[in-house]
Amino acid sequence: MNQETRERYPQLRVDLGKLRENITCTVERCRAQGITVAAIVKGFHGLPHAAHVYDQCGCDFLGTSRSEQLRELHEAGIQTPLLMIRVPMLSALGDVVRYAQCSLQSDLTVLRAANAEAGRQNKRHQVILMADLGDLREGFWGPEELVEAAVEVETRMPHLELLGVGTNLGCYGAIAATRDKLDELVCRAEQVERAIGRRLTYISGGASSSFPRILEDNMPPRINMLRLGEIIINGRIGGEAVDFLHQDVFTLRAEVIERRRKPTYPVGQITVDAFGKTPLYIDRGVREKALLGVGKVDYGDPFDLMPTDPGIEVMGASSDHTILDVEDSPNPCAVGETVDFLLKYGNLVYMSSSHNMQIKFIEEEKKRG
Ligand SMILES: *Cc1c(COP(=O)(O)O)cnc(C)c1O
């Protein structure tokens, strides 16, 4: 084949039709229970082509964790209001106020600076105050701190609008979004409401890890916003597949660069690998093995990759190479052929921000034709 027209690899393949179905299906289930969806796009680096699909599907907010992505989404013409979900750095407030309609907040110094910045930009910026309920990442600790901050925003920060109270669970502390935890959040929000003398617009009850409360129909009634990334992006919650969603919206396609029979146990004195570790090698004798032109730099952890061909097993990887056992595969896996993988959230975060990856959008029209 002509080298210029040849497909290039590794590819991050994005099926926009399946993405649309995941968004629509998730948003419908939330709406049916009175829940607003802030769709979180940081998992795929906010790639504008994919973000446009969210824009067309009636999400109430599009959220991401980085101000650079907010700017790119704005420049790509995204109409859905943007939500900044990492509590902002003081140094990023200019862009946060410029591009995001709303931000999550957990610090009074930042809130005061955001109020000043919004004043300078002649804007009213919305904020959701985060309560830390034990996951130990961002958030005001204890009810008094939260209420005090809320009262200051409400009464002394004219350029900010206190839109709601929220929490984040299952990120650092791996704390489950149980009914009890979410009741606790509602309780914190109602303390704020009593102190400011009005009802809050939103109580933001967490991320994909809170979605089981919708499936099991035991979401506290006052929770009316979820911030959903992983469940829409790859149809999983904490890595577990959700049966009515696609798990293959984003996939990896990589090219075989060597294929031969080799031992499975290294030959010689074992020291450390490319990352300074000594992995455990299991001797399975001589096997058919394939080497791929993609590595840890591109996708993070090789053992999170899930080959779509059940006869293929990932043996390991270095920065730029992946080693497969293809002995049991019906496919030849010859040099120049490709192998496909489903991805965990972690793989996708790396791949979508890697300059080495060809990003291939599979358009909906082409598939129908
Ligand atoms: C990443 C993130 C989310 C989305 O998390 P998922 O598990 O991908 O749904 C929501 N809120 C905050 C604050 C986040 O950092």
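In this predicted model, a side-chain N or O atom of Arg 137 lies 3.0 Å from an oxygen atom of the ligand. Two further residues place polar atoms beside ligand oxygen: Lys 42 does so through its side chain, at 2.8 Å, and Glu 230 through its backbone, at 2.8 Å. The table sets out these three contacts.

| Residue | Protein atom | Distance to a ligand oxygen atom |
|---|---|---|
| Arg 137 | N or O atom, side chain | 3.0 Å |
| Lys 42 | polar atom, side chain | 2.8 Å |
| Glu 230 | polar atom, backbone | 2.8 Å |

On its own the ligand has 390 Å² of accessible area, and the protein covers 90% of that area. The site occupied by the ligand is the second largest pocket.

The shell around the ligand comprises 14 residues, of which Lys 42, Ser 208, Arg 227, Gly 229 and Glu 230 come nearest. By class, the shell residues divide into six nonpolar, three polar and five charged.

The cysteines form a separate topic. The structure holds zero disulfides. For Cys 25, the closest cysteine sulfur is that of Cys 30, and because the two sulfur atoms are 10 Å apart, they are too far from each other for a bond; a disulfide would require them to be within 2.5 Å. Cys 30 is likewise in no disulfide, the nearest cysteine sulfur to its own being that of Cys 59, 9.7 Å away.

Solvent accessibility was also computed for two of these residues. Cys 25 has 24% relative accessibility and therefore counts as partly exposed, whereas Cys 30, at 0% relative accessibility, counts as buried.

Notes: Residues numbered from 1 in each chain as written. Predicted model: local features only at pLDDT ≥ 70, side-chain atom pairs only at ≥ 80, totals over all residues. Heavy atoms only, no water. Buried < 20%, exposed > 50% of the residue type's maximum accessible area, 1.4 Å probe, protein only. Near = heavy atom within 4 Å. Polar contact = N/O pair within 3.5 Å; in protein donor to acceptor, adjacent residues only side chain to side chain. Areas by Shrake-Rupley, 256 points an atom, 1.4 Å probe, with all protein chains shown as cover. 1 Å grid on protein atoms, 1.4 Å probe; cavity = no way out; pocket = protein on both sides within 12 Å on 5 of 7 lines; lining within 4 Å. Sits in = over half its atoms within 2 Å of the grid points. Nonpolar A, V, L, I, M, F, W, Y, C, P; charged D, E, K, R; others polar.
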